[in-house]
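Subject: Structure handover

Dear colleague,

Please find the structure below, as agreed. My notes come after it.

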Amino acid sequence: MSNDAIVLLREDHKEVRRLFREYRGLADGDDGARHRTVQKIVEELTVHTYLEDELVYPRIRQELPGLAEEMDRAEQEHHVADLLCEELSRMTPDDEGYDAKTAVLIDAVERHIEQEEADWFPMVRAALGRTELRELGERMQAVRETAPRRPTAGGVLHRIADALEG
C-alpha cells in the first residue's frame, strides 16, 4: 500500500463506506450484527477523524490558508461525528434513537467524504506534492497505531500524540 497521505485517507473512506453499506444491508432483526457493525464504524471514524484533526488538517491550514473556513467547518463536522460516535458506543440496537443516530452519522460522514475527495484532495495534492504527502502518510501510519479507537479515549491519547509531535 502507498504511504501517500491522500491514498491512505481514501482507503479509510473506502472502508467506512463499506461498513455503511454493510449496516444498511442488515435486517432489522439482526441486532447483534447491527451492533457489531456500528461499533466498527465508531472505531474506524474515531481513528480517521483523529488522524485528520491532528496531522492532516493542520498541514492543510499551513499550506492552503484559503481553506481556513472549510477546515473550521470540517473540524466541526468531526466534532458532531465524534459526539454521535460517543453516544452510539454506549448504545445498543434496542435503545431508542439508535437507528436514527446511525442514519444521521452515515449521512453526515458521506457528505463530508464527498467534499474532501472532490474539493480538497486535489488542492492538497497540488500544494504538498509527492514527497510531503509521503512523509505525512508515514506519520499517519505511525500515529494510527496509538490513535484512540473509542471516542471517550481521545483525551489521554490526544495528549500523547501532541507529545510525540512536539
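The notes start with the model itself, then go from the whole chain to one helix pair.

This is a predicted model, in which local features need pLDDT of at least 70 and side-chain atom pairs count only at pLDDT 80 or more, while totals for chains, interfaces and linings use all residues. Residues are numbered from 1 along each chain as its sequence is written, and side-chain values use heavy atoms, with hydrogens and water left out.

The chain has five helices and zero strands (DSSP runs, H or I of at least four residues and E of at least two, numbered from the N terminus). Its C-alpha trace spans about 50 × 35 × 30 Å along the principal axes.

An unreviewed UniProt entry annotates residues 5–124 as "domain: Hemerythrin-like"; positions are in the numbering used here, feature names are shortened, and annotations may be inferred rather than shown by experiment. That span is 86% helix and 0% strand, and its end C-alpha atoms lie 10 Å apart.

Helix α2 (residues 31–63) and helix α3 (residues 68–89) have axes that come within 10 Å and cross at roughly 155° (lines fitted to C-alpha atoms over the stretch in contact, with angles from 0 to 180 degrees between N-to-C directions). α2 is therefore roughly antiparallel to α3 (under 35 degrees is roughly parallel, over 145 roughly antiparallel, 65 to 115 roughly perpendicular, the rest oblique).

Among the residues in contact (heavy atoms within 4.5 Å) are Val38, Leu45 and Tyr57 of α2, and Met71, His78 and Leu88 of α3.

Regards
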